[in-house]
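Subject: Structure handover

Hello,

Here is the structure I promised to pass on. My notes on the sheet follow below it.

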Amino acid sequence: MRIVHVTTEFAPLAKAGGLGEVILGLAREFLRIGEEIEVIIPKYDFLDTRQLEHLNMEIPDFKCWEKGSLQPNAVWSAKWEKIPLKLIDSRHPSGYFHRGKIYGCQDDIARFLYFCRAVAEYLKIRGGHIDILHLHDWHVAAVALFARDLFKLPIGAILLTIHNADYQGRCAHWDLDAVGLDGRKYLSPKLLQDDQFPEALNLLKGGILFSDRITTVSPTYAQELLTGKETRSLQPTLQKVKKSFSGILNGIDLDVWDSGFSSLDMDDILDLKKKEQEKLIKEHNLSSQKGPWVGAITRLAAQKGPELLEAALHKTIELGGTFILLASPASEDLRLHFEALEKRYARSDQVLLLLHYDEELAHRLYRALHFLVLPSRYEPCGLAQMIAMRHATLPIARATGGHKDTIRHGETGFLFPDYTRSSMEGALTEAFSLFRKHPKEISRMIGQGLAIDWSWKIPAQNYLQLYKSMPSGSILKN
Ligand code: ADP
């Protein structure tokens, strides 16, 4: 089966969050089971090409139409650990992919629509049949429009995976005109017109309607999207394609996240945890007396529940534990707020706040912590809770989306129902009490979490089954 992924992230070369890890894990597993796959991404200026093998220019010059001009591009082929990559090298005068970052530019709509058109142009020039075109999130959703509506490419079926439905790519109809699609034609409720802001087009909605199947990254999040509990604006569109929409849980890459704990007995695991804590105690002047260790390793964004993270810090202090936060602020407001907290607790031997992104430290913290707090407002899937369980760290998570599908309360972690301080504090208090009064119970839960196979084996089989069952021709046409 010939499978082509189109995405804006591929870890570790271009990673902003979980999406990059998902593409890598899925691609590795498909390669292992002998499927023919390739991954198409932009050739960002920050890509470390030294990490690539067999880097070759496949097409030195092909043109992509934008605003009445033909813009130059090239395509490079390369391999990253045997995974075939195609890098679209845009030489657009605005330097669309030469911004030192993936997202967060004012012209993101124009940049990613251009990428979508360039991908479709490249597939047209290259020719040949593709069995499955697998698109990820709004940034590449318009590839489905180009493939089906403009170029009529020979593609068996198109799958769109929604990794986070809060980001939808709302734009004006003239943004589509700019890349050669008739924007006004799509400004209709049956097509791309946004169901919340009728003057806008919605690229994710377009991807949903012009693909054959739609998935999201956990069954519970799929239900939440369908019932309007999350991201209400997509609900009518998803209801329309309900029979073609499902949730497939993500996995984690066990090469990256191998703690080595699953082959050890509990005493050795707890001993290693203690050793990792002792190192951190020395490095950061923490107290050796104050357990359990509670923490979070997260993007600091509204989705991840910053208010409840702060409340968890206070409650942990009150209960006499240690709290460690490794968080990368996603906004200036949150950075300033947490920097003030950091100053306030600078001398505390119970609190450590680190406001940056640090993969190596993340690995160490997963090993050291007893409990990982995950108070998300919503969570499409979440990888951190699975990584935690691999490291004998019990998640304390809000019961939403993927958390509900991966954590069993009282068995592999703790779930709290509401996005409120008291709901979170209830779960934290229960965890503390169990830790202090019934350590055997905690060990039993750790053991159950460690025994779960979070690898990509099962998710990849689920995707493969779906690919094989996919009809041809977009939902819209049927
Ligand atoms: P999301 O993709 O929504 O941010 P996920 O739980 O799916 O959340 O994935 C987050 C990944 O990023 C995990 O591997 C987590 O360990 C990692 N991570 C998040 N913040 C940091 C940080 N500040 N430093 C290091 N790793 C981080």
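Strand 3 (53–66) and strand 4 (residues 69–80) pair in the antiparallel sense, over nine bridges. Within that pairing, Asn56 has Ser77 of strand 4 as its bridge partner. Strands here are DSSP runs of E, at least two residues; helices are runs of H or I, at least four; both are numbered from the N terminus. Two strands count as paired if DSSP finds at least two bridges between them.

The model is predicted: local features need pLDDT of at least 70, side-chain atom pairs count only at pLDDT 80 or more, and totals for chains, interfaces and linings use all residues. Residues are numbered from 1 along each chain as its sequence is written, and side-chain values use heavy atoms, with hydrogens and water left out.

Now the whole sheet. It is open, with nine strands in the order 3-4-5-2-1-6-7-10-11 and mixed pairing. Strand 3 and strand 11 (245–247) stand at the edges with a single partner strand each, so one side of each has no neighbour in the sheet.

Strand 2 (residues 36–42) is mostly covered: six of its seven residues are buried (under 20% relative accessible area, 1.4 Å probe, protein chains only; exposed is over 50%, partly exposed in between). Strand 2 runs parallel to strand 1 (residues 2–6), joined by five bridges. Ile3 stands opposite Ile37 there. Strand 2 also runs parallel to strand 5 (residues 83–90), through four bridges. In that pairing, Pro42 stands opposite Ile88.

Best regards
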